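Colleague: I'm new to reading protein models, and I'd love some help with this one. Could you walk me through it?

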Amino acid sequence: NEKNLLSLMTGRTESGEKSTSVSAVQTKTDKVVMKAENLVVWPESTPINFEVRKGEIVGVTGLDGNGQDDFVKILAGVQESLGGTTEILDINNRFIKYNSLMDAKNNGISFVSGDRKKEGILPNLSIYENLVVPLYKKTSRAGFLGFVDWLELNGIFDWEVDRLSIKTGPRDNLITSLSGGNQQKVMIARSFAQHPKVLILNDPARGIDVSTKRDLYVHLRNFVEEGNTVIFLSSELEEFIGLCPKVIVFRNGTVFDIFEKEKINADTLLEGMFGQTAGI
């Protein structure tokens with residue numbers, strides 16, 4: 001029956017494998033830092049109302065092509081919604097609306113795509129340029145590239161490479177000289193280097209090795225412990241266990257169900273992705 005098939009897909013039926021003992025990051029405050037009101041992702045899909053708190057890691061998932069990818073891109077300002085509003089808490093503790101990538105960046109939102117070839121790396125530039133290019137304007141003192149503070153940029157580059165354990169050759173080598181996992185780390189380091197308040201990740205661990213994934217989870221935990229916020233889309237359900245206290249499951253372009261705490265396991269999430277609610 002369907003329930004047995006879903007259990008087999010998680011690979012835990014016969015082994016009796018239990019969820020990881022690592023506890024998810026617990027949010028220490030109820031302060032909301034980002035929200036969406038009556039957000040329409042697809043034509044005629046049910047509008048979404050969504051809030052995320054300071055220091056929270058919210059997981060987002062769904063079967064491929066159910067709108068979760070569009071949802072996180074809208075939150076990141078990468079894509080326009082078909083209705084409704086997205087708002088972010090500004091430095092004056094007031095909610096302001098935003099609907100473009102520039103507005104999102106200016107208000108502390110950073111986006112990392114799992115599709116590094118299409119939406120991440122700049123293949124004709126070096127490892128160094130790929131990591132620091134968004135910082136040129138921040139560190140220049142006269143015009144866009146007038147007097148770039150290269151000493152500061154070099155320090156940022158070295159810090160991020162060391163912090164994320166990025167295995168690189170000479171920094172002037174092309175980004176394409178790195179393995180896929182290390183290219184993805186450079187993309188994540190580029191976001192961290194901009195000191196965002198909200199980091200939105202669209203399947204960032206797709207196609208990278210297990211140790212790199214573990215490193216990423218550690219950095220995300222540290223990032224939210226510092227009072228920042230993460231919205232984490234993944235197609236691999238095990239990634240949420242022991243990391244996210246809340247996971248949103250998408251179906252047909254809208255939120256189908258929300259799982260929290262002990263309900264976050266591969267079985268219940270997969271059942272939600274296939275349109276089953278608890279107890280069905």
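Colleague: What percentage of the 280 residues of the protein chain count as buried?

Modeller: Happy to help! This is a predicted model, where local features need pLDDT of at least 70 and side-chain atom pairs count only at pLDDT 80 or more, while totals for chains, interfaces and linings use all residues. Residues are numbered from 1 along each chain as its sequence is written, and side-chain values use heavy atoms, leaving out hydrogens and water. Buried means under 20% relative accessible area, with a 1.4 Å probe and protein chains only; of the 280 residues, the share that counts as buried is 49%.

Colleague: How many helices and strands does the protein chain have?

Modeller: Both are DSSP runs numbered from the N terminus: helices are H or I with at least four residues, strands E with at least two. Counted that way, the chain has ten helices and ten strands.

Colleague: In the open sheet of six strands, what is the strand order?

Modeller: Two strands pair if DSSP finds at least two bridges between them. In this sheet the pairing is mixed, and strand 6 (109-113) and strand 10 (254-260) are the edge strands, each pairing on one side only. The order is 6-7-8-3-9-10.

Colleague: Which residue in strand 8 is the bridge partner of leucine 201?

Modeller: Strand 7 (residues 198-202) and strand 8 (residues 229-233) run parallel, joined by five bridges. Leucine 201's bridge partner in strand 8 is phenylalanine 232.

Colleague: And the open sheet of four strands, what is its order?

Modeller: Here the pairing is antiparallel. The edges are strand 2 (48-53) and strand 5 (95-97). The order is 2-1-4-5.

Colleague: What is the volume of the largest cavity?

Modeller: On a 1 Å grid over the protein atoms alone, a cavity is a set of points where a 1.4 Å probe fits but cannot get out. Grid points are joined across faces, edges and corners, and a volume is the space filled by probe spheres set on the points. There is one cavity of 30 Å³ or more, and the largest cavity has a volume of about 40 Å³.

Colleague: Which helix supplies the largest share of its lining?

Modeller: Lining residues have an atom within 4 Å of a point; here they are Leu164, Lys185, Ile188, Thr212, Asp215, Leu216 and His219. Helix 8 (180-193) and helix 9 (210-225) each supply at least two of the lining residues. The largest share, four residues, comes from helix 9.

Notes: On a 1 Å grid over the protein atoms alone, a cavity is a set of points where a 1.4 Å probe fits but cannot get out, and a pocket is an open set with protein on both sides within 12 Å along at least five of seven lines; lining residues have an atom within 4 Å of a point. Buried means under 20% relative accessible area, exposed over 50%, partly exposed in between (1.4 Å probe, protein chains only).
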